[in-house]
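Me: I have a model open and would like to learn how to read its features one at a time. Where should I begin?

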Amino acid sequence: MPELPEIETIRASLSRDLVGKKIKGAAVTSGKIVRRHKTAKDFRTAVEGHTIKSAQRLGKNLIFGLDNGTSLVIDLDVSGHILRSQGPKDEKPKHTHVVFTFTQGGEIRYVDALSKGELYVSTPPPEGTEVEISKFARLSVGGDGLGLRKQIPELTSLGIDPFEDQIGWDRFAAILRSRTTDLKSVLTDQNILAGLGEIYADEALFAAGLGHDREAESLSTIEIRRLHRAITEILQEAIKYGGSSLEKEPFRDPDGKEGNYQQYLQVYDREGLPCMQCRQPIKKAVNKSQATFYCDKCQS
Ligand SMILES: [Zn+2]
């Protein structure tokens, strides 16, 4: 948590009022959050005085293009939140680590209880530099993904983004047929597929009727097509409902509003509850630290 639909919800919300705004200040109270920079001051200097030109997303990363060609990248990891505020008079939540102010007014705050997320400014490699891009992402035939990876060297190893990289089911099939690991591990590996995590991998596998422990290379053509379609459809629906806000993972958008997709989840976090299709209780399997929710009868 958060996964692609939650990050996309944040991106869409911020894009409405941040694009065109000039960053006046960036107050950093935890150096750990900007750890790729030598000092917090280096980070501040890299963003202050620059106008935000675009708000994009790749995998679980938020990317703000700045007017000098650099990009401000925000990775919320497991516990980061972005909150919009009117100004310094609004009370700051605990664990607020970065506060952006804008010459046109308003504030954006980065809050992170575990400090696992990070913010950094990425400089594009010099013109003509050969950029080594993930072999999976290179299968893309369109979309903004390849361009973003060429601009941001830190993101070149990211796998396929289901929306920013265009990849048909036949190329998706080639990827699956090259993997001998289980489906859940393949779907949540950010270097293969960028953006899916526990929730949406489980939901996509249920929608496709596939067992999480199936070897990826064992899928038939029909099963691959079903999985390919399920991933796109589940993510699109979740974006439409503003992501999922679960009790133990209370996602909120920049205005503090919860998502609504949790009420449509078929298997995730439903251990022991009846399957919506066959009424058998949903099962939970734990592998390393990863929990998987599934229906024994509907998924094989
Ligand atoms: Zn079932």
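**Reading a helix, a core and two sheets**

Reply: Begin with helix 6: 10 of its 11 residues are buried, so helix 6 is largely enclosed by the rest of the structure. Keep in mind that this is a predicted model.

Me: Which residues of helix 6 are buried?

Reply: The buried ones are I199, Y200, A201, D202, E203, A204, L205, F206, A207 and A208. Just after the helix, G209 takes a positive phi of about 70 degrees.

Me: What do the buried residues of helix 6 pack against?

Reply: Their partners are helix 1, helix 5 (183–188), helix 7 (221–240) and strand 10 (290–294). Y200 serves as a single example: leaving out residues up to four places away in sequence, Y200 touches E3, L4, P5, I234, L235 and A238.

Me: How do I go from a buried helix to a nonpolar core?

Reply: In soluble globular proteins, nonpolar side chains tend to be buried together. Here the largest nonpolar core has 75 residues, and the members that touch the most other members are F64, L72, Y200, A204, L205 and V267. Helix 6 (residues 198–208) gives the most to this core, with 8 residues. The core also draws at least three residues from each of domain 1 (4–123) and domain 2 (169–294).

Me: How many residues of domain 1 and domain 2 are in contact?

Reply: On the domain 1 side there are 15, in contact with 18 residues of domain 2. The C-alpha centres of domain 1 and domain 2 lie 29 Å apart.

Me: Which elements give two or more residues to the side of domain 1 that touches domain 2?

Reply: Those elements are helix 1 (4–18) and strand 5 (80–85). Helix 1 has the largest share of that side, 8 residues. By type, the residues on that side of domain 1 divide into 7 nonpolar, 4 polar and 4 charged.

Me: Next, the sheets. What should I look for?

Reply: Strands of a sheet pair through backbone hydrogen bonds, either parallel or antiparallel. Read the strand order, then the edges, then the twist. One open sheet here has 4 strands in the order 1-6-7-5, with antiparallel pairing. Its edge strands are strand 1 and strand 5, each pairing on one side only. From one strand to the next, the twist averages 15 degrees.

Me: How many bridges join strand 1 to strand 6?

Reply: There are 5 bridges between strand 1 (residues 23–28) and strand 6 (residues 96–102), which run antiparallel. To find the register, take a residue pair: A26 stands opposite F100 in strand 6. Strand 6 is also joined by 5 bridges to strand 7 (residues 107–112), again antiparallel. There the bridge partner of T96 is V111 in strand 7.

Me: What connects strand 6 and strand 7?

Reply: The two form a hairpin with 4 residues between them. In the turn, G105 has a positive phi of about 100 degrees.

Me: What is the strand order of the open sheet that contains strand 8?

Reply: The order is 2-3-4-8, an open sheet of 4 strands with antiparallel pairing. Strand 2 (52–58) and strand 8 (118–122) stand at the edges with a single partner strand each, so one side of each has no neighbour in the sheet. Direction ignored, neighbouring strands of this sheet are turned by 20 degrees against each other on average. Strand 4 (residues 71–75) and strand 8 run antiparallel and are joined by 5 bridges. One residue pair to inspect is D75 with its bridge partner E118 in strand 8.

Me: Which helix packs on this sheet?

Reply: Helix 1 does, touching strand 2 and strand 3 (61–66). The direction of helix 1 makes about 170 degrees with that of strand 2.

Me: Is D17 in helix 1 buried, exposed or partly exposed, and why?

Reply: D17 is found in helix 1. D17 has 16 C-beta neighbours inside 10 Å, and therefore counts as partly exposed. A residue is buried at 20 or more such neighbours and exposed at 12 or fewer. Sequence separation can also be compared with distance in space: D17 and G106 are 89 residues apart along the chain, and their C-alpha atoms are separated by 9.8 Å.

Note on methods. Residues numbered from 1 in each chain as written. Predicted model: local features only at pLDDT ≥ 70, side-chain atom pairs only at ≥ 80, totals over all residues. Core = buried A, V, L, I, M, F, W, Y, C linked by C-beta atoms within 7 Å. Domains from an automatic or database assignment. Contact = placed C-beta atoms within 7 Å. Pairing = 2+ DSSP bridges. Nonpolar A, V, L, I, M, F, W, Y, C, P; charged D, E, K, R; others polar. Axes fitted to C-alpha atoms, helices over the stretch in contact; angles between N-to-C directions.
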